[in-house]
Amino acid sequence: MRVWGLTGGIGMGKSTAANTFRRLRIPVFDADAAVHRLQGPGGAAVRPIEAAFPGTTRGTPRGPAVDREALRRAVIGHDAALNRLEAIVHPLVRREERRFLAAARRRGARLAVLDVPLLFETGGERRVDKVIVVTAPAATQRTRVLRRRGMTEERLRAILARQVPDSLRRRRADHLVHTGLSRHHAQRAVRRLVAHQG
Ligand SMILES: CC(C)(COP(=O)(O)OP(=O)(O)OC[C@H]1O[C@@H](n2cnc3c(N)ncnc32)[C@H](O)[C@@H]1O)[C@@H](O)C(=O)NCCC(=O)NCCS
Ligand SMILES: Nc1ncnc2c1ncn2[C@@H]1O[C@H](COP(=O)(O)OP(=O)(O)OP(=O)(O)O)[C@@H](O)[C@H]1O
């Protein structure tokens with residue numbers, strides 16, 4: 001089974017490209033969704049996060065869960081705290097990723113995709129056969145992200161500061177998918193990659 005990494009900066013169009021892969025019946029692992037599950041009711045990250053950042057979890061009808069708003073306040077803009085949070089969360093995400101790949105292999109998939117925002121930041125390119133980078137002009141990225149509810153200039157700056165620059169990502173990509181033109185164009189680029197598997 002081949003494994004492709006799908007990555008790109010915030011708002012560059014990872015989830016949208018991931019959905020095109022899914023429509024082609026290719027299994028996709030979504031690292032952001034895995035983080036949400038791990039921090040959700042009964043998730044494996046809840047207890048260690050409460051220990052490291054007291055007061056950032058709360059009881060819910062389905063069990064204790066991370067209060068993401070509170071956790072965000074505790075870590076955004078605080079590098080040491082975010083490093084600590086990543087040291088808790090990333091090994092758990094990696095474990096989920098291994099489980100996902102094992103399940104895809106069992107089902108006989110020929111190709112699986114890992115949608116991982118921090119692929120380069122976490123040495124993920126070594127775990128995949130090929131890296132696909134979604135990219136768009138910086139102005140497009142900004143407009144897209146600032147449209148989201150709860151997003152502010154300050155939050156966007158803090159997130160971008162933790163991610164490798166788009167220029168570097170593009171240089172390290174095996175293939176680029178441009179998402180600044182149109183949905184149709186980006187979908188076609190993904191379909192072409194899959195058709196050629198190369
Ligand atoms: C800080 C937290 C609580 C904020 O939660 P919130 O719901 O507000 O944001 P969300 O998770 O949807 O992320 C918003 C955007 O920031 C990006 N992002 C999240 N964490 C990080 C990080 N540590 N470094 C760089 N970018 C990040 C996401 O990919 C996404 O594009 C949460 O992002 C978190 O627990 N982050 C640490 C885990 C992590 O590194 N996740 C990245 C994907 S593996
Ligand atoms: N090819 C495209 N053409 C036009 N708009 C797009 C395209 N791809 C994505 N978008 C839009 O850009 C925004 C961000 O896309 P998406 O959610 O896929 O990005 P992401 O990289 O997954 O973001 P995040 O890092 O925050 O998870 C969405 O509003 C989406 O509709």
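A residue is called buried here if 20 or more other C-beta atoms lie within 10 Å of its own, exposed if 12 or fewer, and partly exposed in between, with C-beta atoms placed from the backbone. By that rule Arg-23 is exposed, because 11 other C-beta atoms lie within 10 Å. The model is a predicted one, in which local features need pLDDT of at least 70 and side-chain atom pairs count only at pLDDT 80 or more, while totals for chains, interfaces and linings use all residues. Residues are numbered from 1 along each chain as its sequence is written, and chains are lettered from A and ligands numbered from 1 in the order in which they are written.

**Helix α1 and the loops beside it**

Helices (H or I, at least four residues) and strands (E, at least two) are DSSP runs, numbered from the N terminus. Arg-23 is found in helix α1, and its C-alpha lies 9.9 Å from that of Arg-191, although the two are 168 residues apart in sequence. Just after α1, Arg-25 takes a positive phi of about 65°, and this residue is found in the loop between α1 and β2 (28-30). Arg-25 counts as exposed because it has 9 C-beta neighbours inside 10 Å.

Which residues of α1 are buried? They are Lys-14, Ala-17, Ala-18, Thr-20 and Phe-21. These residues lie on the same side of α1 because they cover an arc of only 155° around the axis, the arc being that of the directions from the helix axis to the C-beta atoms. An α-helix has 3.6 residues a turn, so residues three or four places apart point the same way. What covers the buried residues of α1 includes β1, β2, β5, β6 (130-135), β7 (175-178) and α9 (183-196).

**The annotated binding site and ligand 2**

An unreviewed UniProt entry lists Gly-11, Met-12, Gly-13, Lys-14, Ser-15 and Thr-16 under "binding site"; UniProt positions are given in the numbering used here, feature names are shortened, and annotations may be inferred rather than shown by experiment. Met-12 is placed in the loop between β1 (2-7) and α1 (14-23), whereas Ser-15 lies in helix α1. Not counting residues up to four places away in sequence, Met-12 touches Val-134, Thr-135, Ala-136, Gln-141 and Thr-179, where contact means that two C-beta atoms, placed from the backbone, lie within 7 Å.

Around ligand 2 there are 15 residues, of which Gly-13, Lys-14, Ser-15, Thr-16 and Ala-186 come nearest; a residue is near a molecule or strand if its C-beta atom, placed from the backbone, lies within 6 Å of it. The elements that give two or more residues to this shell are α1 and α9, and the largest share, 3 residues, comes from α1.

The burial of three residues is set out below.

| Residue | C-beta neighbours within 10 Å | Class |
|---|---|---|
| Met-12 | 27 C-beta atoms | buried |
| Ser-15 | 17 C-beta atoms | partly exposed |
| Ile-49 | 24 C-beta atoms | buried |

**Ile-49 in helix α3**

Ile-49 is found in helix α3 (residues 46-52) and touches Gln-39, Thr-56, Thr-57, Val-66, Leu-71 and Ile-88, not counting residues up to four places away in sequence. From C-alpha to C-alpha, Ile-49 and Lys-14 are 27 Å apart in space, with their positions 35 residues apart in sequence.

**Two domains and ligand 1**

The chain is assigned to domain 1 (1-19 + 109-198) and domain 2 (28-102), with bounds that come from an automatic or database domain assignment. Taken over C-alpha atoms, the centres of domain 1 and domain 2 are separated by 22 Å. Their contact takes 12 residues from domain 1 and 11 residues from domain 2. On the side of domain 1 that touches domain 2, β5 (111-115) and α7 (153-161) each supply at least two residues, and the largest share, 4 residues, comes from β5. That side divides into 8 nonpolar, 1 polar and 3 charged residues, where Ala, Val, Leu, Ile, Met, Phe, Trp, Tyr, Cys and Pro count as nonpolar, Asp, Glu, Lys and Arg as charged, and the others, Gly among them, as polar.

Ligand 1 is surrounded by 18 residues, the closest being Ile-10, Ala-31, Leu-71, Pro-117 and Arg-162. Two or more residues of this shell come from each of α2 (31-39), α4 (68-75) and α5 (79-106), and α5 gives the most, with 5 residues. The shell around ligand 1 draws at least three residues from each of domain 1 and domain 2. By class, the shell around ligand 1 has 12 nonpolar, 1 polar and 5 charged residues, while the shell around ligand 2 has 4 nonpolar, 7 polar and 4 charged residues.
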